[in-house]
Amino acid sequence: MKTITVLISGSGSNLEAIINSCDTKKIDGEVISVISNNHDAYGLTRAKKFNINTTVIDHKLYTNREDFDLELESLLDQLDSDLIILAGFMRILGEKITKKFGNKMINLHPSLLPLYPGLNTHKKVLDNKDKNHGVSIHYVSGELDGGPLIAQGIIKVKKNDNLDSLINRIHKIEHILLPEIVKQICLGNISLNGDKVFYNNIKLLDKGLIRKTYEI
Ligand code: GRF
């Protein structure tokens, strides 16, 4: 069984989706630790409900990003997890930490990367009248929301979509796709070598990554 650490900053609904998939044995893994940069993150409450160890590293207590990263690095070293998931973790990590853990650190981002790295992705989709929206799961590199893509989930933007409905629909596909990808990583069916993602026993569609369209 693989050990998993999840980094969060907010609600933690994706964290809970992963914990549930571990509990029901869909994922052959265990969330051993949840780390947040934010004391008020509701995800911490969710983790405690499942008796999962939580740690807060409050970024406001550090004068620079390097010191915050050093503290996080030391904790990640101690935990020595097989997989580190950034699920709604709203801090940019520096080159040192992403180099060290990059081959076992994945990020969930609510856009069809390389479109819209950074914040406010849903608003950008609406403002630009995009036909599609979606989520990306990728290995983490030193570049913001960069790093080799593993999978994307796509939805069609509906005529009457607004910010709330889009966020809601994106969350729904995140809660399906992220546990699926974590499952495959824990099975050893997805891995990173250099900057190339390798897949085993998984159907690959276009662009060499998993792309699924959801009717949600
Ligand atoms: C998700 O939409 C994720 O893509 C983004 O932040 C959100 C986190 O949601 N990076 P939650 O905290 O898992 O509910």
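This is a short talk on the sheet, some helices, the ligand site and a few backbone details of one structure.

The model is predicted, so local features need pLDDT of at least 70, side-chain atom pairs count only at pLDDT 80 or more, and totals for chains, interfaces and linings use all residues. Residues are numbered from 1 along each chain as its sequence is written, and side-chain values use heavy atoms, with hydrogens and water left out.

I'll start with the sheet. Helices (H or I, at least four residues) and strands (E, at least two) are DSSP runs, numbered from the N terminus. Two strands pair if DSSP finds at least two bridges between them. Here eight strands make an open sheet with mixed pairing, in the order β3-β2-β1-β4-β5-β6-β7-β10. The edges are β3 (53-56) and β10 (210-213); each has a single partner strand, so one side of each has no neighbour in the sheet. From one strand to the next the twist averages 20°. Such angles run from 0 to 180 degrees between N-to-C directions, with axes as lines fitted to C-alpha atoms, for helices over the stretch in contact.

As an example of pairing, β4 (residues 83-86) and β5 (residues 105-109) are parallel, with three bridges. Ile84 stands opposite Met105 in β5.

Next, two helices on the sheet, where contact means heavy atoms within 4.5 Å. Helix α2 (residues 42-49) lies across β1 (2-8), β2 (29-36) and β3, at about 155° to β3. Helix α3 (residues 65-79) lies across β1, β2, β3, β4 and β5, at about 160° to β2.

Now helix α6. How far apart are its end C-alpha atoms? They are 34 Å apart, which agrees with the 34 Å expected for 24 residues (163-186) at 1.5 Å a residue; the expected span is 1.5 Å times one less than the number of residues. The helix has a kink of about 25° centred on Glu174, the bend being the angle between axes fitted to the seven residues ending there and the seven starting there.

Glu174 is also among the residues around the ligand, including Ser11, Gly88 and His171; a residue counts if one of its heavy atoms lies within 4 Å. A polar contact is a pair of N or O atoms within 3.5 Å; within protein, one must be able to donate a hydrogen and the other to accept it, and residues adjacent in sequence count only if both atoms are side-chain atoms. A ligand oxygen is 2.7 Å from a polar backbone atom of Gly12. Another entry is Asn14, with a side-chain N or O atom 2.8 Å from a ligand oxygen.

Last, the Leu113 to Pro114 peptide bond is cis, with omega near 10°.
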